[in-house]
Amino acid sequence: MNKSRRMAAMQARAMAKAGFAVLQIDLLGCGDSSGDFGDATWDAWLDDVALGLQHLQTRTAAQAEPPGQPLPGAPVWLWGLRAGCLLAADAAKRMTQPVNFLFWQAPASGKALLQQFLRLKIAGDLASGQSKGVMDDMRRQLANGGAVEIAGYWLGSGLASGLERGVLEPSAAAAVPTSRVEWLELSTREDATLSPVAQKTIAQWQSGGFAVRSRVVNGPAFWQTTEIEDAPDLISATLQALAGEGASAP
């Protein structure tokens, strides 16, 4: 989040300027929200998404004529980056109304992301020569309901298990013929294309009734760069995608 907050804020402001009602939230234990990261669980984050949507709908309903009625022609979009895509897809399964999705660098599952996070601990222990068996020890602690400290943050079992179970699959109950998925990825290579895994996942969403469009945009992987970096092409490509422009089917 520390690397991604600037890009998310820039995109949120651009969406608001384009006429969207946007809520950028800090989940439990993140940013300015209450609690520590070690308090976070996957289910608590799903609750946060539901509360955020309720808050946004209440605010927008107050602007309607007459007040209290949903704004006409205003579809709900859930927007996520990496693990946030998994959270958005999972949250939609709890919703009764159809939703659209904006995915930035979507993973097929959360297992690989959890593995990457746990490896930060191993990398930190390599210098001290104490990395042997660290991965097994961490997984054992999490499986037993404990928590592990990684790069100064406590990761609890409730979050780790939810992330590991996370799979980017569509919720058929939430899909209607007009439901959309805008799938955007970043690469610094001019000839970059979607991976076979991404193409397979997109096909599953299309089979689930969603209209899916994808695009690879030029820009750095800002969520993992050493310095804070911007990807301005992603901001403009996202606005084009939401407006139904500029993306191409895989």
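## A guided tour, from one salt bridge outward

Begin by selecting Arg180 and Glu182, whose side chains meet in a salt bridge with an N to O distance of 3.0 Å. The model in the viewer is a predicted one, which is worth keeping in mind at each stop. Colour the pair by accessibility: Arg180 is partly exposed, with a relative accessible area of 22%, whereas Glu182, at 1% relative accessibility, counts as buried because that value is under 20%.

Next, select residues 180-187, which form strand β5, and add strand β2, residues 100-104; the two strands run parallel and are joined by four bridges. Within this pairing, Phe101 stands opposite Val181 in β5.

Now widen the selection to the whole sheet, which is open and consists of four parallel-paired strands in the order β1-β2-β5-β6. Which strands stand at the edges of the sheet? They are β1 (77-81) and β6 (211-218), and each has a single partner strand, so one side of each is left without a neighbour in the sheet. On average, and with direction ignored, neighbouring strands of this sheet are turned by 15 degrees against each other.

With the sheet still shown, add helix α3, residues 83-92, which packs on the sheet and touches β1 and β2, its direction making about 150 degrees with that of β1. Then add helix α8, residues 232-242, which lies across β1, β2, β5 and β6 and runs at about 160 degrees to β6.

From helix α8, step back to the loop between β6 and α8 and select Asp230 together with Arg6 in helix α1 (residues 5-17), a pair that links parts of the chain 224 residues apart. Their side chains meet in a salt bridge of 2.7 Å, N to O, and both residues count as partly exposed, Asp230 at 30% relative accessibility and Arg6 at 44%.

A further stop is the salt bridge between the side chains of Glu164 and Arg139, at 2.9 Å, N to O. Glu164 lies in helix α6 (residues 157-165) and Arg139 in helix α5 (residues 134-143), so this pair ties together parts that are 25 residues apart in sequence.

Finally, show the entire protein chain, which holds eight helices and six strands and in which buried residues make up 39% of the 250 residues. Among its contacts with a separation of 6 or more, 68% are between residues 24 or more positions apart. The search of the whole structure finds 10 salt bridges.

Definitions and conventions
Residues numbered from 1 in each chain as written. Predicted model: local features only at pLDDT ≥ 70, side-chain atom pairs only at ≥ 80, totals over all residues. Heavy atoms only, no water. Pairing = 2+ DSSP bridges. Axes fitted to C-alpha atoms, helices over the stretch in contact; angles between N-to-C directions. Contact = heavy atoms within 4.5 Å. Buried < 20%, exposed > 50% of the residue type's maximum accessible area, 1.4 Å probe, protein only. Salt bridge = Lys/Arg side-chain N within 4 Å of Asp/Glu carboxyl O.
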